[in-house]
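Ready to get to know a protein by working through it piece by piece? Have the sequence and the structure open while you read.

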Amino acid sequence: MITNPVPKIKWKLKKPRASREQLHKLAHELEVSPILCALLHQRGMTTYEDMLFFLSPGLRYLPPLETWPELQEAATLITSFVSSGKKIAVWGDYDVDGIASAALLQDFFSLKGVTALTLLPHRIRDGYGLNMAGIEALARDEVKLLITVDCGISNHQEIARARELGMRVVLTDHHLPGRELPEADVVINPKCHDSPHESLAGVGTAFFLAAALNRTLPGTPIDVRILLDLVALGTIADLVPLDATNRILVKNGLLLLSEAKRPGIYALKEAAGFCGTDSVGAGEVGFGLAPRINAAGRLDDPALALELLLCKDMDRARRISGKLNTMNSQRKKTEEEILKQAREQAKQYPRHSGLALFDPRWHPGVLGIVASRLVEEFNRPCLVLTMEDGLIRGSGRSVADFDLYLGLLTLQDQLCGFGGHSQAAGLSLLPEYLDSLRERFHHAVQEQLGPNLPQKEIELDAELGFDALSADFLQELELLQPFGPQNPRPVFLSPPLRVLDQTLFGKDRHVGFVLSDPDSGLRLRGQFWRQGNSLGQQSLKGKTLTLAYTPSMNTYRNLTSIRLNIREILEIT
Ligand SMILES: [Mn+2]
């Protein structure tokens with residue numbers, strides 16, 4: 001018997017920070033509903049101009065290129081190498097952002113008739129970032145200019161070596177720099193200097209470089225907007241905040257991903273179960289397209305994914321995306337197996353506020369995803385580790401309130417290396433420090449979060465009864481897209497609802513409800529995904545529920561209806 005299918009969740013209802021009159025006035029001016037204005041207000045848009053920008057983030061709002069002086073410096077240097085016909089190489093990374101960054105520059109260069117070599121490191125063979133062997137190979141190949149994308153900011157030695165071997169280096173990266181910058185000729189990093197675009201991903205950074213180069217390279221400038229599909233892809237996959245600049249780039253890039261003029265994107269959408277020209281949002285990219293591109297670099301060679309993005313031939317594109325699809329299924333299987341084992345291990349540490357899990361057999365390519373899944377399940381920061389070349393290596397993911405990077409900083413005396421940010425990081429250590437890491441990581445979490453286990457917490461945007469859920473309102477909510485970090489899909493608090501019926505569906509994995517809102521007398525269906533196991537045995541028919549939910553339009557056999565996607569059951573009475 002299951003005694004408590006609903007874990008206790010802390011929840012908080014956001015309060016409107018503007019008066020009713022203010023919201024009604026803004027709503028009237030913008031021709032949207034006051035509820036939408038309240039949502040915008042809570043997300044930090046307080047004036048008419050802010051709200052208008054958010055609702056229609058046109059490219060005209062991008063700050064001029066001159067506000068980022070390093071761009072011009074880099075463009076001038078690269079242009080001089082192009083003009084003198086010297087060999088240029090672009091070095092990317094094996095994840096979606098790194099592959100999209102490399103694809104973007106390669107595409108831009110070929111549109112401008114410039115030849116450049118493109119390299120992506122192999123995750124298992126080479127590891128992340130630049131490496132000495134690769135740098136020396138470039139020198140033997142007589143490369144005179146190296147451009148890094150989405151990597152390089154922590155490769156001081158490799159960059160020094162490149163310079164020693166006679167190369168000039170333009171470093172573009174968005175990862176947090178250490179105390180000192182590498183000795184590259186130009187460093188373009190949105191987190192350095194006074195960049196107006198702090199949250200850019202690697203591919204967004206590469207896009208700005210291309211835009212600057214477009215002005216300095218000889219010949220007719222191209223329309224760089226056609227590169228925004230790649231920008232959207234990498235930016236969404238890298239889970240950077242979709243604020244200001246990223247919102248503009250992603251919202252416009254999604255339109256291109258929807259059109260899918262690139263055969264690679266068209267074929268990839270088909271492989272992910274969409275039609276080639278289906279309209280896609282951040283969700284479809286994050287859960288459908290990005291994992292398939294990532295699969296190449298996780299399990300094998302990322303070059304295949306790069307080829308797909310740049311491929312001009314539909315048959316070839318379909319063949320590659322078929323391969324990526326198979327790899328992605330393989331990746332999912334591996335991930336499920338490791339997750340199962342890691343979950344069992346996690347249960348051995350019920351009182352640990354932070355978990356460090358290890359097995360030497362785990363595949364290094366999926367540790368980050370497994371860590372994310374465990375964080376969701378256990379609501380605690382997790383490190384998932386394996387053995388590689390005699391070292392313990394792995395990935396960590398965190399809960400919102402724990403700064404993982406700062407946490408690892410307090411353990412650095414026993415780490416060989418680590419890097420990342422508040423929510424995700426990578427690390428390596430000597431095997432003899434594993435036990436100590438388990439204890440010290442737990443304490444590092446407690447130090448930031450206090451002695452109790454982190455509790456699941458949910459913030460609700462507004463209380464909304466069934467009478468407010470019209471098709472018009474749901475369409476209006478779509479104006480807040482794309483959703484992602486710092487712009488989550490709004491979650492609403494329901495009034496107390498009566499459960500009229502409860503069923504299982506999708507091989508009993510999901511729970512369906514028929515719910516009635518006593519205030520309005522309206523009935524709607526609700527779906528509680530993946531809760532068949534925990535809730536399936538218990539009937540809530542006849543009970544009253546308070547829910548955290550997101551509404552959506554559901555079309556089935558040409559009939560459109562409004563459904564509730566249940567996020568959490570907050571109360572049962
Ligand atoms: Mn990146």
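Below are six exercises on this predicted model, each with a worked solution.

**Exercise 1: The domains**

Find the domains of the protein chain, then look at how domain 1 and domain 2 touch.

Solution. Start with the assignment: it gives domain 1 as 10-27 + 458-572, domain 2 as 61-259 and domain 3 as 347-449. Next, take the centres of domain 1 and domain 2 over C-alpha atoms, and you get a separation of 42 Å. Then look for contacts: 5 residues of domain 1 meet 9 residues of domain 2. On the domain 1 side, those residues split into 2 nonpolar, 3 polar and no charged.

**Exercise 2: A helix on the inside**

Is helix H2 (residues 34-42) largely enclosed or largely open? Work out what its buried residues pack against.

Solution. First apply the cut-off: a residue is buried if 20 or more other C-beta atoms lie within 10 Å of its own. In H2, that picks out Ile35, Leu36, Cys37, Ala38, Leu39, Leu40 and His41. That's 7 of the 9 residues, so H2 is largely enclosed by the rest of the structure. Now see what the buried residues pack against: helix H1 (20-30), helix H3 (48-55), strand E13 (462-463) and helix H18 (471-477). After H2 comes glycine 44, with a positive phi near 100 degrees.

**Exercise 3: Two helices crossing**

Describe how helix H9 (residues 228-237) and helix H12 (residues 282-299) pack.

Solution. What do you need for such a description? You need the angle between the axes and the distance between them. For H9 and H12, the angle is about 85 degrees and the axes are 9 Å apart. Angles of 65 to 115 degrees count as roughly perpendicular, so H9 and H12 are roughly perpendicular to each other. Now zoom in on the contact: Ala232, Leu233, Ile236 and Ala237 come from H9, while H12 brings Ala282, Val285, Gly286, Leu289 and Ala290. Sorted by type, the contact residues are 8 nonpolar, 1 polar and no charged.

**Exercise 4: An open sheet and its helix**

Give the strand order of the open sheet of 5 strands, and find the helix that packs on the sheet.

Solution. Reading across, the order is E7-E8-E9-E11-E10, and the pairing is mixed. Strand E7 (355-358) and strand E10 (417-420) are the edges, since each pairs on one side only. Neighbouring strands here are turned by 20 degrees against each other on average, direction ignored. At the E10 edge, 4 bridges join E10 to strand E11 (residues 424-429), and the two run antiparallel. One pair to look up is glycine 420 with its bridge partner in E11, alanine 425. The helix is H17 (residues 434-449), which touches E7, strand E8 (382-388), strand E9 (391-397) and E11. The direction of H17 makes about 155 degrees with that of E7.

**Exercise 5: Two hairpins in a row**

Trace the pairing of strand E15 (residues 497-505) with E16, and of E16 with strand E17 (residues 522-528).

Solution. Begin with E15 and E16: they pair in the antiparallel sense over 7 bridges, with phenylalanine 505 opposite histidine 510. This hairpin has 4 residues between its strands, and glycine 506 in the turn has a positive phi of about 60 degrees. Move on to E16 and E17, which are antiparallel over 7 bridges; there, phenylalanine 513 has glycine 526 as its bridge partner. The hairpin of E16 and E17 has 4 residues between the strands, and glycine 521 takes a positive phi near 75 degrees. Finally, check the two faces of E16: Val511, Phe513, Leu515 and Asp517 are on the covered one, and His510, Gly512, Val514 and Ser516 on the uncovered one.

**Exercise 6: Backbone oddities**

Where do glutamate 142, aspartate 389 and proline 482 lie, and what does the backbone do there?

Solution. A bit of background: most residues other than glycine have a negative phi, and most peptide bonds are trans. Glutamate 142 has a positive phi near 65 degrees and lies in the loop between helix H6 (132-140) and strand E4 (143-148). Glutamate 142 counts as exposed because it has 10 C-beta neighbours inside 10 Å. Aspartate 389 has a positive phi near 50 degrees and lies in the loop between E8 and E9. With 7 other C-beta atoms within 10 Å, aspartate 389 is exposed. Lastly, the peptide bond from glutamine 481 to proline 482 is cis, with omega near -5 degrees, and proline 482 lies in the loop between H18 and strand E14 (492-493).

Notes: Residues numbered from 1 in each chain as written. Predicted model: local features only at pLDDT ≥ 70, side-chain atom pairs only at ≥ 80, totals over all residues. Axes fitted to C-alpha atoms, helices over the stretch in contact; angles between N-to-C directions. Parallel < 35°, antiparallel > 145°, perpendicular 65-115°, else oblique. Contact = placed C-beta atoms within 7 Å. Nonpolar A, V, L, I, M, F, W, Y, C, P; charged D, E, K, R; others polar. Domains from an automatic or database assignment. Buried ≥ 20, exposed ≤ 12 C-beta atoms within 10 Å, placed from the backbone. Pairing = 2+ DSSP bridges.
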